[in-house]
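Thanks for coming. I have one structure to go through today, and I will put it up before saying anything about it.

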Number of protein chains: 2
Amino acid sequence: MMDRYLEFAAELAVARRAAAEAAEIIVRRTGATEVREKERSDLVTAADEASERAVIARIRAHFPDDAVIAEESAGSVRSVGRRWIVDPIDGTNNFVHGHPFTCVSIAFADAAGPTVAVVHAPLLGEVFHAVRGGGAFANDRPIRVSEVDDPGRALLATGFPFKHGKGKLDVFLRMASDVITEAQDVRRAGSAALDLAFVAAGRVEGYFEIGLSPWDVAAGMLLVTEAGGRVTGWPGDGREPLESGRVLASNGRIHGWLEGVAGRYASAL
Amino acid sequence: MMDRYLEFAAELAVARRAAAEAAEIIVRRTGATEVREKERSDLVTAADEASERAVIARIRAHFPDDAVIAEESAGSVRSVGRRWIVDPIDGTNNFVHGHPFTCVSIAFADAAGPTVAVVHAPLLGEVFHAVRGGGAFANDRPIRVSEVDDPGRALLATGFPFKHGKGKLDVFLRMASDVITEAQDVRRAGSAALDLAFVAAGRVEGYFEIGLSPWDVAAGMLLVTEAGGRVTGWPGDGREPLESGRVLASNGRIHGWLEGVAGRYASAL
């Protein structure tokens, strides 16, 4: 395990440093009000762009030949070689409001898929990281998914699909109602990367969302699997989550139940 | 303003110290798995009881004649004299899961109503406090509600009424759907006291919930009003929020819009 962990030591070091540099920008600009609208509910701030520039500069300085796929300057999502998948500020709406659930998400992937993950949440004081085959960590302490196997005792995280019309939103909220009724409760924090990090850390048992971009979830998905959890697409979809943007993640123990609930609504979403 | 602030200096000092002592218990026991169920989705932990004992002991040591209204050992909610309204762990489900959105909420009230408020969230590293007529603070820095007056740019916090049957839950989620569609998005963090503190700090523009107990919201409501915001009951209700358990809170600027949305659903909830 330790060998595996060290195989990507350089990529991990660069991901951590790039995330820390972007996190500094987040801290410096938190609550800044200077925002312009890209589209409804999708604010992009100068900080977002500055954060992305910082991350890309750091990656290019060390790995000039690697591809970079980032929210604000998307390279080809179809790239299959050495590539970095970057969300310079995940939870942008939170960031704009000074709400602490916001983070930098950086994944490094090679031909075998996501290999290194860093999710840095400066306002929470937490840095999550994982290396494929090497485990997952929060502030350098190993983390594991929770052992809760009774859905009735499970806490779920989700994001509401507010950009896809009220019809889909209402279907999604009917699914959320089932989840709230059958499980313990649902949390909606506003950052997919952190939601997945919280699954990895055992703070919620599962996570479900649709309409996601690769940079929202690439790092978080590796955190979950390296912490002993499970990540799949939605039932009946047949595509990988990074391709479909539809993610179910869990501690593994409640995954069958979560797939069952999602299966009731998947075709209408 | 400073005179007003100092008039209740002793009560504030005691509330802060009691909250800090309870917060230490929260930090020490975070993620503890030893829980028993009071009822579905309403976990009480040994930490909850220990936290409440610590808070009450601190209050009694300094103000032995004051009434204490607390979640686990509720005195008379109808008390109108000097009284302390205590939630030893708000966001219990989060606490049980090691999720950082959990806090100690302590309000002191006299014949004129809530006068001192402390909301201490140790895992977020934040202590909010307010004194009637003396302003609101986060980690001793003054806070103000946000200036967003366009509902379309507003972020709202809420709690789902999971203990009142699926019928009410579904009505509530229809209201949430309207809010998500008309505003920017909704956050569901799992702690009413912190939701209100976040309104006070300008991190969300408003908050709506039903089925609340006085200890969930007494401190948070004072934080909001002292930060320049507004707190009311729900339209058509006629009762005070502390009595009805139905709260609308906002930065003031979007309050009319929020009352309008709530008004569409209030009679069905």
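Right after α6 of chain B comes Gly202(B), with a positive phi near 80 degrees. This is a predicted model, so please take every value as computed from it. The helix before that glycine covers residues 192–200 of chain B. Is it enclosed or open? Nine of its nine residues are buried, so α6(B) is largely enclosed by the rest of the structure. The buried set runs from Ala192(B), Ala193(B) and Leu194(B) through Asp195(B), Leu196(B) and Ala197(B) to Phe198(B), Val199(B) and Ala200(B). Note that the list includes an aspartate, Asp195(B).

Leu194(B) turns up again in the next item. The largest nonpolar core has 85 residues, and Leu194(B) is one of the four that touch the most other members. The other three are Phe128(B), Tyr207(B) and, from the other chain, Tyr207(A). A second core of 48 residues lies apart from that one. Among its members are Leu173(B), Ile210(B) and Val261(B), along with Leu269(A). As background, nonpolar side chains in soluble globular proteins tend to be buried together.

Back to backbone angles. Which residues other than glycine have a positive phi? One is Asn139(B), at about 45 degrees. Asn139(B) sits in the loop of chain B that links β8 (135–138) to β9 (141–142). Its relative accessible area is 38%, so Asn139(B) is classed as partly exposed. In chain A, Asp140(A) also has a positive phi without being a glycine, at about 70 degrees. Asp140(A) lies in the loop between β8 (135–138) and β9 (141–142) of chain A. Asp140(A) counts as partly exposed because its relative accessibility is 47%.

Now chain A as a whole. It has nine helices and 14 strands. Its C-alpha atoms fill a box of roughly 50 × 45 × 35 Å along the principal axes. What radius of gyration would a compact globule of 269 residues have? The rule gives a value near 18 Å, and chain A, at 17 Å, agrees with that. Of the 269 residues of chain A, 63% count as buried. Among contacts with a separation of 6 or more, 65% join residues 24 or more positions apart.

Last, the surface and the charges. Chain A exposes about 9600 Å², and carbon and sulfur atoms supply 49% of that. Chain A carries 30 positive and 37 negative charges, and the mean positions of the two sets are 1 Å apart.

That is the end of my part.

Key
Residues numbered from 1 in each chain as written. Chains lettered and ligands numbered in written order. Heavy atoms only, no water. Core = buried A, V, L, I, M, F, W, Y, C linked by side-chain atoms within 4.5 Å. Buried < 20%, exposed > 50% of the residue type's maximum accessible area, 1.4 Å probe, protein only. Helix = DSSP H or I, 4+ residues; strand = E, 2+ residues; numbered from the N terminus. Rg over C-alpha atoms; globule rule 2.2 N^0.38 Å. Contact = heavy atoms within 4.5 Å. Areas by Shrake-Rupley, 256 points an atom, 1.4 Å probe, with all protein chains shown as cover. Lys, Arg positive; Asp, Glu negative; His and termini not counted. Charge placed at Lys NZ, Arg CZ, Asp CG, Glu CD.
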